[in-house]
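Let's take a friendly walk through a protein and the DNA strands beside it. Have your viewer open, and we will go from one strand to the other and then into the protein itself.

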Amino acid sequence: MGPATKKTSTPESKANLILAAVRQIPRGKVSSYGQIAAVAGLPRCARLVGTVLRTHPNTRGLPWHRVINSSGRISFPLGSDAYARQRKLLEREGVDFIGQRINMKRFSWPPGNDLDEHLWFMP
DNA sequence: ACAATGACGCCTC
DNA sequence: AGAGGCGCCATTG
């Protein structure tokens, strides 16, 4: 390492933290951009999560589709190919949509300590 | 270096 | 509930 290597938090390292957090989302669950930022140890960086997913070249093998916005919706324009693609992937692994929304009580990760997740019976 | 742009989120109407 | 305004932070032009 050269003398000019004193930076500890490069954009690159942040991206890695974010990607690692995304990889933790279990199959059949979803997480919001803000939640992922928090898990990555980067609070207030929700926007950055979106930027990383958008700009990162190799998203292959990464469960990017499990990241949605805090309102429980897919963050692509309704009707776009990207929207359809993400929705398909989610439904394929058992995530239910009510209209265009996902019930966060049931599918969000990490799970809250709330008991609501255990009594989702039938909406 | 500066301004615009986004796969965001929260608060206020 | 839905829309608009503003703060946030890295990327782009």
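A polar contact here is a pair of N or O atoms within 3.5 Å. With that cut-off in hand, look at Arg 47: an N or O atom in its side chain is 3.2 Å from a base oxygen of DNA strand C. Please keep in mind that this is a predicted model.

Arg 47 is a good place to start, since a polar atom of the Arg 47 side chain also lies 2.6 Å from a base nitrogen of DNA strand B. Arg 47 is listed among the closest residues to DNA strand B, along with Tyr 33, Gly 34, Ser 70 and Ser 75, and it is also one of the residues that surround DNA strand C.

Let's stay with DNA strand B for a moment. In total, 14 residues surround this strand. Which helices each supply at least two residues of the surface near DNA strand B? They are helix H2, spanning 33–39, and helix H3, spanning 46–55. The largest share comes from H3, with 6 residues. By class, the surface near DNA strand B divides into 5 nonpolar, 7 polar and 2 charged residues.

The backbone of the protein takes part here as well. A polar backbone atom of Gly 34 is 2.8 Å from a phosphate oxygen of DNA strand B, and a polar backbone atom of Ser 70 is 2.7 Å from a phosphate oxygen of that strand. Of the DNA strand B atoms within 4 Å of the protein, 42% belong to sugar or phosphate, and the rest belong to bases.

Now turn to DNA strand C. Its surroundings are made up of Pro 11, Lys 14, Arg 44, Cys 45, Arg 47, Leu 48, Thr 51, Thr 55 and Arg 101. Of the atoms of DNA strand C that come within 4 Å of the protein, 73% are accounted for by sugar and phosphate. One contact with a phosphate involves Lys 14, where a polar side-chain atom lies 2.6 Å from a phosphate oxygen of DNA strand C. Sorted by class, the surface near this strand has 3 nonpolar, 2 polar and 4 charged residues. Helix H1, spanning 11–23, and H3 each supply at least two residues of that surface, and the largest share, 4 residues, comes from H3.

How do H1 and H3 sit against one another? They pack at an angle of about 90°, with their axes 10 Å apart, which means that H1 is roughly perpendicular to H3. On the H1 side, the contact is made by Lys 14, Ala 15, Ile 18 and Leu 19, and on the H3 side by Leu 48, Val 49, Val 52 and Leu 53. This contact has 7 nonpolar residues, no polar residues and 1 charged residue.

Two backbone details are worth a look before we finish. Most residues other than glycine have a negative phi, and most peptide bonds are trans. Arg 44, though, has a positive phi near 65°. You will find Arg 44 in the loop between H2 and H3, and its relative accessibility is 79%, so it counts as exposed. The second detail is the cis peptide bond that joins Trp 109 and Pro 110, with omega at about 0°. Pro 110 lies in the segment after helix H5, which spans 104–107.

Notes
Residues are numbered from 1 along each chain as its sequence is written. Chains are lettered from A and ligands numbered from 1 in the order in which they are written. This is a predicted model: local features need pLDDT of at least 70, side-chain atom pairs count only at pLDDT 80 or more; totals for chains, interfaces and linings use all residues. Side-chain values use heavy atoms; hydrogens and water are left out. A residue is near a molecule or strand if one of its heavy atoms lies within 4 Å of it. A polar contact is a pair of N or O atoms within 3.5 Å; within protein, one must be able to donate a hydrogen and the other to accept it, and residues adjacent in sequence count only if both atoms are side-chain atoms. Ala, Val, Leu, Ile, Met, Phe, Trp, Tyr, Cys and Pro count as nonpolar, Asp, Glu, Lys and Arg as charged, and the others, Gly among them, as polar. Axes are lines fitted to C-alpha atoms, for helices over the stretch in contact, and angles run from 0 to 180 degrees between N-to-C directions. Angles under 35 degrees count as roughly parallel, over 145 as roughly antiparallel, 65 to 115 as roughly perpendicular and the rest as oblique. Contact means heavy atoms within 4.5 Å. Buried means under 20% relative accessible area, exposed over 50%, partly exposed in between (1.4 Å probe, protein chains only).
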